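Me: I have a model open and would like to go through the reasoning behind a few labels. Could you take my questions one by one?

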There are 2 protein chains.
Amino acid sequence: MAGFTIGKLSEATDTKVQTIRYYESIGLMAPFTRTEGGHRLYDIDDRKRLTFIRHARELGFSIDAIRELLSLSDNPQTSCERADDIASRQLDEVEQRLKRLRALQKELKRMVTECGHGRVSDCRVIEVLSDHRLCQTSH
Amino acid sequence: MAGFTIGKLSEATDTKVQTIRYYESIGLMAPFTRTEGGHRLYDIDDRKRLTFIRHARELGFSIDAIRELLSLSDNPQTSCERADDIASRQLDEVEQRLKRLRALQKELKRMVTECGHGRVSDCRVIEVLSDHRLCQTSH
DNA sequence: GTACAATCTCTAGCCACTAGAGATACAAGA
DNA sequence: TCTTGTATCTCTAGTGGCTAGAGATTGTAC
């Protein structure tokens with residue numbers, strides 16, 4: 001019945017104490033209760049909620065998307081169409097980012113391998129960065 | 001000899017006017033000169049410099065890295081070892097990001113395809129987000 | 001000369017935290 | 001019970017890289 005202190009919750013979910021308090025300040029999650037002295041006490045449901053939040057953040061969801069997902073998961077009898085929609089849009093975004101990053105990787109690789117370890121005046125790194133047309137991929 | 005106004009430079013480099021002034025405020029680039037009335041005037045070298053900056057930002061370099069790259073390109077007789085090093089570290093980071101993003105993509109794809117378009121209580125999106133163990137990739 | 005667009009400086013806001021100051025509460029050992 | 005030391009409290013400000021807006025001034029085309 002004692003529940004978790006913020007420190008224990010922090011450890012259990014690998015989330016900084018400050019971040020937990022930040023989530024509280026923006027209304028994402030509040031502690032189950034407080035001690036007489038004012039220390040936060042969390043229960044297992046709080047822990048689940050925070051795990052949900054952290055996991056969604058790791059998957060790249062914005063706080064706003066998470067807020068919506070949380071309200072969906074709080075009302076499990078509603079249609080999941082909305083949740084599916086949010087995840088789909090997230091997937092789209094991730095795929096866009098992947099595309100861009102692959103182009104960057106290619107360019108950086110080329111820059112590094114072509115650098116002859118000589119003087120900056122011959123250095124492809126500087127050269128490519130000075131002139132977009134030298135890129136072989138669009139980004 | 002008239003040079004570019006900030007608006008022309010903005011158009012030419014696809015950079016917002018505010019962003020150009022921001023770069024000036026952090027010491028990345030200053031205008032060639034000013035009009036009597038105080039309007040900024042840029043020359044072709046300023047344009048090159050801004051193109052360099054924007055290109056590097058697109059490639060994911062931090063402002064600090066760019067600051068260093070700029071000082072290297074301002075002194076082309078120095079060794080490019082340092083520039084190569086910066087680019088290599090950037091490549092490492094990009095590859096880390098790629099790895100993570102690919103895992104996320106996989107997870108999101110699975111979440112979306114497995115969503116049966118029914119009720120939230122059966123929804124994989126919510127389920128996966130509630131329980132990390134349901135993920136098939138580490139991220 | 002006048003209208004209107006462009007630019008000026010300055011301040012504040014965005015996201016998602018993160019860090020620190022200074023005060024208070026709690027847990028373990030003497 | 002008292003003390004010591006760690007954990008927590010609130011509050012404010014900073015991070016990076018911009019972006020937006022207010023209100024004043026300048027530049028330009030007719």
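Reply: Happy to; this is a predicted model, and the questions below deal with the DNA contacts and the nonpolar core.

Me: Why is the pair formed by A:Arg57 and DNA strand C called a polar contact?

Reply: An N or O atom in the side chain of A:Arg57 is 2.7 Å from a phosphate oxygen of DNA strand C. The cut-off for two N or O atoms is 3.5 Å, so the pair counts.

Me: What makes the backbone of A:Gly37 a partner of DNA strand C?

Reply: A backbone N or O atom of A:Gly37 lies 3.1 Å from a phosphate oxygen of DNA strand C, and as the limit is 3.5 Å, this is therefore a polar contact too. On chain B, a polar backbone atom of B:Gly7 is 2.8 Å from a phosphate oxygen of the strand.

Me: Which part of DNA strand C comes within 4 Å of the protein, by share of atoms?

Reply: 20 residues surround the strand, and sugar and phosphate make up 81% of its atoms that come within 4 Å of the protein.

Me: Which helix gives the most to the surface near DNA strand C?

Reply: H2(A) does, with four residues. Helix H3 (44-58) of chain A and helix H1 (6-13) of chain B each supply at least two.

Me: How do you know that B:Leu129 touches chain A?

Reply: Contact needs heavy atoms within 4.5 Å, so the residues B:Leu129 touches, including A:Phe52, A:Phe61 and A:Leu69, meet that limit. B:Leu129 is also among the residues touching the most other members of the largest nonpolar core, which has 63 residues.

Notes. Residues numbered from 1 in each chain as written. Chains lettered and ligands numbered in written order. Predicted model: local features only at pLDDT ≥ 70, side-chain atom pairs only at ≥ 80, totals over all residues. Heavy atoms only, no water. Near = heavy atom within 4 Å. Polar contact = N/O pair within 3.5 Å; in protein donor to acceptor, adjacent residues only side chain to side chain. Core = buried A, V, L, I, M, F, W, Y, C linked by side-chain atoms within 4.5 Å. Buried < 20%, exposed > 50% of the residue type's maximum accessible area, 1.4 Å probe, protein only. Lists of a residue's contacts leave out its neighbours within four places in sequence.
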